[in-house]
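Look at the chain below from one end to the other before reading on. The paragraphs after it lead through the structure step by step.

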Amino acid sequence: LRDSINSGVFVDDNKICAVGLSASKWVTTHGFALNVNCDLSYFDSSIIMPCGLEERGVTSMSKELGSDISIDEVQQVLLQCFQ
């Protein structure tokens with residue numbers, strides 16, 4: 001799902017990855033945070049409002065795929081992609 005207002009990666013209305021970019025004093029930084037296999041109960045709006053998105057939820061790779069995904073698995077794939 002493409003969102004013209006909010007940055008990140010969404011699966012339907014749920015955010016799975018945050019993406020950030022910053023520029024300050026001639027230095028740029030960038031990064032992302034991918035929800036692989038995290039405890040999503042903390043993202044209950046009474047505890048954490050993810051990225052201030054009141055009308056959106058949060059999801060993870062494990063939830064979307066219906067099985068436990070290890071961070072090590074994802075790390076290996078990401079390292080290959082960025083080499």
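What follows goes from the whole chain to single residues.

This is a predicted model, in which local features need pLDDT of at least 70, side-chain atom pairs count only at pLDDT 80 or more, and totals for chains, interfaces and linings use all residues. Residues are numbered from 1 along each chain as its sequence is written, and side-chain values use heavy atoms, with hydrogens and water left out.

Begin with the elements. The chain has 2 helices and 4 strands; helices (H or I, at least four residues) and strands (E, at least two) are DSSP runs, numbered from the N terminus. Read from the N terminus, their order is β-β-β-β-α-α. A box of roughly 40 × 30 × 25 Å, taken along the principal axes, is filled by the C-alpha atoms of the chain.

Next come the surface and the contacts. The chain has an accessible surface of about 6,500 Å², a value from the Shrake-Rupley method with a 1.4 Å probe, where for residues only the protein chains shown count as cover. Carbon and sulfur atoms account for 54% of this surface. Of the 83 residues, 18% are buried; buried means under 20% relative accessible area, exposed over 50%, and partly exposed in between (1.4 Å probe, protein chains only). A contact means heavy atoms within 4.5 Å. Among contacts between residues at least 6 apart in sequence, 44% join residues at least 24 apart.

The charges can be described in a similar way. Lys and Arg count as positive and Asp and Glu as negative, while His and the chain ends are not counted. The place of a charge is NZ of Lys, CZ of Arg, CG of Asp or CD of Glu. The chain has 5 positive and 11 negative charges, and the mean positions of the two sets are 12 Å apart.

Now turn to the aromatic rings. A pair of aromatic rings is described by the distance of the centres and the angle of the planes. Rings of Phe, Tyr and Trp (its six-membered ring) pair if their centres lie within 6.5 Å; planes under 30 degrees apart count as stacked, over 60 as edge-to-face and the rest as tilted. The structure holds 1 aromatic pair. Phe 32 and Phe 82 form this pair, which is stacked, with 6.4 Å from centre to centre and 20° between the planes. The pair links distant parts of the chain, 50 residues apart: Phe 32 is in strand 3 (residues 27-34), and Phe 82 is in the segment after helix 2 (71-81). Phe 32 counts as partly exposed because its relative accessibility is 44%, whereas Phe 82, at 64%, counts as exposed.

Another ring has a charge over it. Arg 56 lies over the face of Phe 10, at 4.5 Å from the ring centre. A charge sits over a ring if NZ of Lys or CZ of Arg is within 6 Å of the ring centre and within 35 degrees of the ring normal.

The end of strand 2 and the loop after it come next. Ser 24 lies in strand 2 (residues 14-24) and is partly exposed, at 44% relative accessibility. Between the C-alpha atoms of Ser 24 and Glu 54, 30 residues apart in sequence, there are 29 Å. Lys 25 is in the loop between strand 2 and strand 3, and so is Trp 26. Neither is a glycine, yet phi is positive in each: near 50° for Lys 25 and about 65° for Trp 26. Lys 25 is exposed, with a relative accessible area of 76%, and Trp 26 is exposed at 91%.

Is Pro 50 buried or exposed? Pro 50 is buried because its relative accessible area is 11%. Its place is in the loop between strand 3 and strand 4 (57-58). Leaving aside residues up to four places away in sequence, Pro 50 touches Phe 43 and Val 58. The C-alpha atoms of Pro 50 and Ser 67 are separated by 23 Å, with their positions 17 residues apart along the chain.

Finally, Asp 72 is found in helix 2 and counts as exposed, at 54% relative accessibility. Asp 72 and Val 36 are 36 residues apart in sequence, and their C-alpha atoms are 10.0 Å apart in space.
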